[in-house]
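Let us walk through this fold together, from its sheet to its rings and its charged pairs. Please keep the view open and turn it as we go.

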Amino acid sequence: MSSDPEAVAQLWITSLSAHDLEAAVNCFDAAYVDEAPARRGDSVQGQDSVRRNFSMLLSDLPDLTATISRTVADGDDVWMEWSMRGTRRDGTLLEFVGVNIFQVKDGRFHSGRIYTEIVRDAGGIDAQINRMTKGNS
């Protein structure tokens, strides 16, 4: 397995798109831990949790594909902007985008900071400012 952080990120995305669960999970260290600062309490710990999460995604989104828009490596860290899309079993489209910051050790993701969200129609910038200033959702 490559120790190049950008290569690990690309392998993970390629494995997800190929629906190769074990190859995708193998990109993560057994002691992997992440946090999602924008979603308090949302954390993944361990390779078994990674496997469970990706297994559900691949099962429930049979045409799932993932792409990387860009990556930046900084030592053992890789910052990646990426997207995922697929059709849910009920026929609706899921689009998911984010920026992940992974620390890579020994060719695997060791830890991560995850900033992701489901793509949705938000009503424009005025609606976004209204949600920020008035708390309306």
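A residue is called buried here when its relative accessible area is under 20%, exposed when that value is over 50%, and partly exposed in between. With that in hand, F102 is easy to place: its relative accessible area is 1%, so F102 is buried. Please bear in mind that we are looking at a predicted model.

Let us start with the sheet. Five strands form it, and they run across in the order β1-β5-β4-β3-β2. The sheet is open and its pairing is mixed. At the edges you will find β1 and β2, the latter covering residues 65-74, and each of these two pairs on one side only. On average, neighbouring strands are turned by 25 degrees against each other, with direction ignored. Strands of a sheet pair through backbone hydrogen bonds, in either a parallel or an antiparallel way. For an antiparallel example, look at β3, residues 77-87, which pairs with β4 over 11 bridges. Along this pairing, W82 has G98 in β4 as its bridge partner.

Next, the aromatic side chains. How many aromatic pairs does a search of the whole structure find? The search gives 12. A pair of aromatic rings is described by how far apart the centres are and by the angle of the planes. Take W12 and F54: their ring centres are 5.8 Å apart and the planes are at 50 degrees, which makes the pair tilted. This contact runs between helices, because W12 sits in helix α1 (residues 5-17) while F54 belongs to helix α3 (residues 47-60), and so it ties together parts that are 42 residues apart in sequence. Are the two partners buried or exposed? W12 has 2% relative accessibility and therefore counts as buried. F54, with a relative accessible area of 11%, is buried as well.

A second pair takes us back to the sheet. Y32 and F102 form a tilted aromatic pair, with 6.3 Å from centre to centre and 50 degrees between the planes. Y32 lies in strand β1 (residues 28-35) and F102 in strand β4 (residues 93-105), so this pair ties together parts that are 70 residues apart in sequence. Y32 counts as buried at 2% relative accessibility, and F102, as we saw, is buried at 1%.

Now step back to see how such pairs join up. Ring pairs link W12, F28, Y32, F54, W82, F96, F102 and F109 into a cluster. The members of both pairs described above are in this cluster, namely W12 and F54 together with Y32 and F102. W82, which we met as the bridge partner of G98, is a member too.

Nonpolar side chains also show on the surface. V72, W79, V99 and Y115 make a nonpolar surface patch of about 360 Å². One of these, Y115, is found in strand β5 (residues 108-118). Y115 has a relative accessibility of 33% and so counts as partly exposed.

Finally, let us turn to the charged residues. Side chains of opposite charge can pair when their charged atoms come close. Over the whole structure, the search finds five salt bridges. In one of them, E35 meets R113, with 2.6 Å between the closest N and O atoms. Because E35 lies in strand β1 and R113 in strand β5, this pair ties together parts that are 78 residues apart in sequence. Both ends are partly exposed: E35 has a relative accessible area of 39%, and R113 is at 33%.

On β2 and β3 you will find another salt bridge, between R70 and E81, whose closest N and O atoms are 3.4 Å apart. R70 is in strand β2 and E81 in strand β3, so the parts tied together here are 11 residues apart in sequence. R70 is exposed, with a relative accessible area of 54%, whereas E81 counts as partly exposed at 31%.

Our last stop is among the helices. Salt bridges that share partners join E22, D48 and R51 into one network. Within it, the side chains of R51 and E22 meet at 2.9 Å, N to O. R51 lies in helix α3 and E22 in helix α2 (residues 21-25), so this pair ties together parts that are 29 residues apart in sequence. R51 is partly exposed at 26%, and E22 is partly exposed at 43%.

Notes: Residues numbered from 1 in each chain as written. Predicted model: local features only at pLDDT ≥ 70, side-chain atom pairs only at ≥ 80, totals over all residues. Heavy atoms only, no water. Phe/Tyr/Trp six-rings, centres within 6.5 Å; stacked < 30°, edge-to-face > 60°. Helix = DSSP H or I, 4+ residues; strand = E, 2+ residues; numbered from the N terminus. Buried < 20%, exposed > 50% of the residue type's maximum accessible area, 1.4 Å probe, protein only. Patch = residues over 30% accessible without salt bridge, like charges linked within 9 Å, V, L, I, M, F, W, Y side chains within 5 Å. Areas by Shrake-Rupley, 256 points an atom, 1.4 Å probe, with all protein chains shown as cover. Salt bridge = Lys/Arg side-chain N within 4 Å of Asp/Glu carboxyl O. Pairing = 2+ DSSP bridges. Axes fitted to C-alpha atoms, helices over the stretch in contact; angles between N-to-C directions.
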